[in-house]
Amino acid sequence: MQVDFDFFQALLQTFLMAMTPVVELRGAIPFGLACGLPVPAAFLAAVLGNLFPVPFILLLLRRVFAWLRRFPWLGERVDALERRAHLKGRTVRKYRILGLILLVAVPLPGTGAWTGALVADVLDIRARDALPAIAVGVLAAGAVVTALSCGAASIFAAVFPG
């Protein structure tokens, strides 16, 4: 039985890329597909990687922010981040769980699991409510990004054959 290390390396890279803020699964799924991963593998690695930090963010964010506020130059950045989360949280504040799902599900810059977890924490949404909502949003965003990535790849292949 031969082990395909390239496959596992692409899978791990996709998983790790999806964990990073800003890039998240919006960059990880196209990356995984470009590395030759099958669509289900790229989707699953990106979704799991994107969800991996969420419980830690929900449980530890307030403690980390409190610690960072001890440093004046970092405290200002934390305050700015919280203000940004409040602005992003308008829809979430109005619709609560559905709003959180929508915030995470729309695959645009400034949305996603990291922002959803930050907004949930700032708006005092319990982790037991926020985590499933963020997971549903990540699955929806993953489906959209996968569909767009596969469609874009098909169009690219048709325009530039061979």
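**Note on the core, helix H3 and the largest pocket**

1. In this predicted model, the largest nonpolar core comprises 34 residues, and those with the most contacts inside it are Leu25, Val92, Leu100, Ile125, Ala130, Ile134 and Val138. Seven helices are named as contributors, since H2, H3, H4, H5, H7 (97-105), H8 and H9 (127-159) each supply at least two residues of this core. In soluble globular proteins, nonpolar side chains tend to be buried together.

2. Val138 deserves a separate look: once its neighbours within four places in sequence are left aside, Val138 is in contact with Leu25, Val47, Asn50, Leu51, Val104 and Ala113.

3. Helix H3 covers residues 39-51, and because a helix should advance 1.5 Å a residue, its 13 residues should span 18 Å, which agrees with the 18 Å between its end C-alpha atoms. Buried residues in H3 are Ala41, Ala42, Ala45, Ala46, Val47, Gly49, Asn50 and Leu51, and of these Val47, Asn50 and Leu51 are also in contact with Val138.

4. The largest pocket has a volume of about 320 Å³. It is lined by 18 residues, of which Pro21, Val22, Arg84, Trp114 and Thr115 are the closest to its centre.

5. As to where this lining comes from, H2 (24-34), H4 (54-68), H5 (72-88) and H8 (113-122) each supply at least two of its residues, with the largest share, four residues, coming from H5. By class, the lining of the largest pocket has 11 nonpolar residues, alongside three polar and four charged ones.

Terms used. Residues numbered from 1 in each chain as written. Predicted model: local features only at pLDDT ≥ 70, side-chain atom pairs only at ≥ 80, totals over all residues. Heavy atoms only, no water. 1 Å grid on protein atoms, 1.4 Å probe; cavity = no way out; pocket = protein on both sides within 12 Å on 5 of 7 lines; lining within 4 Å. Points joined across faces, edges and corners; volume = space filled by probe spheres on them. Nonpolar A, V, L, I, M, F, W, Y, C, P; charged D, E, K, R; others polar. Expected span 1.5 Å × (residues − 1). Buried < 20%, exposed > 50% of the residue type's maximum accessible area, 1.4 Å probe, protein only. Core = buried A, V, L, I, M, F, W, Y, C linked by side-chain atoms within 4.5 Å. Contact = heavy atoms within 4.5 Å.
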